[in-house]
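Student: I've got a structure to go through before class. Can we take it piece by piece?
Tutor: Sure, let's put it on screen.

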Amino acid sequence: MDDAATLRGAGLRVTAARLAILDAVRTGNHLDAEHIAHAVRGRVGHVSTQAVYDGLHALTDTGLVRRIEPAGSPARYETRVGDNHHHLVCRLCKGVTDIDCVAGAAPCLEPSQSHGYLIDEAEVVFWGVCPDCRSGTGEAPNASEPSAVPRG
Ligand SMILES: [Zn+2]
Ligand SMILES: [Zn+2]
């Protein structure tokens, strides 16, 4: 199924911007909105940042794109949806890597008490230092980012 058919199948109007957003999210590795906007402009010319956010909202709301929000990092987007995979996040470069669900399906963890909730998901983020950063070849942390990174 091509992207236009995918958008129509989700009940969305097909626009050049939405096609470019979907393509940028799929070909990127957990990009944030800023990098997606940059990629979109490289494909279709000027698109406002607001239009990129609106497009991401539409794609996220319809389940075509998954939004993840590691603490201390802007929201990231990916097209790997429909499974309960988790993420490894590098504390230094904020790189994100997919890992398969620990238990195979959501929720992969059971709380010690459910308090009467019907629990459908456990959000698991593994924090650490990626191989590039461990060997000193990773990107330096952005000095403008908040330094209050959770240290677990
Ligand atoms: Zn790193
Ligand atoms: Zn992912």
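Student: Is Cys93 buried, exposed or partly exposed?
Tutor: Cys93 counts as partly exposed, because 16 C-beta neighbours lie inside 10 Å. Keep in mind that this is a predicted model.

Student: What's the cut-off for buried, then?
Tutor: A residue is buried with 20 or more other C-beta atoms within 10 Å, and exposed with 12 or fewer. Cys93 has 16, so it counts as partly exposed.

Student: Where is Cys93 found?
Tutor: Cys93 sits in the loop between strand 4 and strand 5. Those two strands form a hairpin, with 5 residues between them. Lys94 is in that turn and has a positive phi of about 65 degrees.

Student: Which cysteines does UniProt list as "binding site"?
Tutor: The UniProt record, an unreviewed entry, puts that feature at Cys90, Cys93, Cys130 and Cys133. They span 44 residues in sequence, yet no two of their C-alpha atoms are more than 8.2 Å apart, so they gather at one spot.

Student: And Cys133, where does that one lie?
Tutor: In helix 5, which covers residues 131-134. Cys133 has 19 C-beta neighbours inside 10 Å, so it counts as partly exposed.

Student: Back to the hairpin. How do strand 4 and strand 5 pair?
Tutor: In the antiparallel sense, over 4 bridges. Strand 4 is residues 86-90.

Student: Which residues stand opposite each other there?
Tutor: Among them, His87 stands opposite Asp98 in strand 5. Val89 stands opposite Val96, also in strand 5.

Student: What order do the strands take in the sheet?
Tutor: The order is 5-4-6, in an open sheet of 3 strands with mixed pairing. Strand 5 (96-99) and strand 6 (125-128) stand at the edges. Each has a single partner strand, so one side of each is left without a neighbour in the sheet. On average, neighbouring strands here are turned by 25 degrees against each other, direction ignored.

Student: New topic: helices. How many residues has helix 3?
Tutor: Helix 3 has 12, running from 33 to 44. From first C-alpha to last, helix 3 reaches 16 Å, close to the 16 Å expected at 1.5 Å a residue.

Student: Which of its residues are buried?
Tutor: In helix 3, the buried ones are Ile36, Ala37 and Val40. Seen down the helix axis, they fall within an arc of 100 degrees, so they line one face of helix 3.

Student: What covers the buried residues of helix 3?
Tutor: The cover includes helix 2 (16-27), strand 1 (31-32), helix 4 (49-61) and strand 3 (76-78).

Student: And on the other side?
Tutor: Glu34 and Gly42 are exposed there.

Student: What comes just after helix 3?
Tutor: Gly45, which takes a positive phi of about 85 degrees.

Student: Now zoom out. How many helices and strands in the protein?
Tutor: There are 5 helices and 6 strands. From the N terminus, the elements run α-α-β-α-α-β-β-β-β-β-α.

Student: What size of box do the C-alpha atoms fill?
Tutor: Roughly 45 × 45 × 25 Å, taken along the principal axes.

Student: And how much of the protein is buried?
Tutor: Buried residues make up 16% of the 152 residues.

Student: Last one: what about contacts between residues far along the chain?
Tutor: Take the contacts with a separation of 6 or more. Residues 24 or more positions apart account for 44% of them.

Technical notes: Residues numbered from 1 in each chain as written. Chains lettered and ligands numbered in written order. Predicted model: local features only at pLDDT ≥ 70, side-chain atom pairs only at ≥ 80, totals over all residues. Contact = placed C-beta atoms within 7 Å. Pairing = 2+ DSSP bridges. Axes fitted to C-alpha atoms, helices over the stretch in contact; angles between N-to-C directions. Expected span 1.5 Å × (residues − 1). Arc of directions from axis to C-beta. UniProt positions renumbered as here; feature names shortened; annotations may be inferred.
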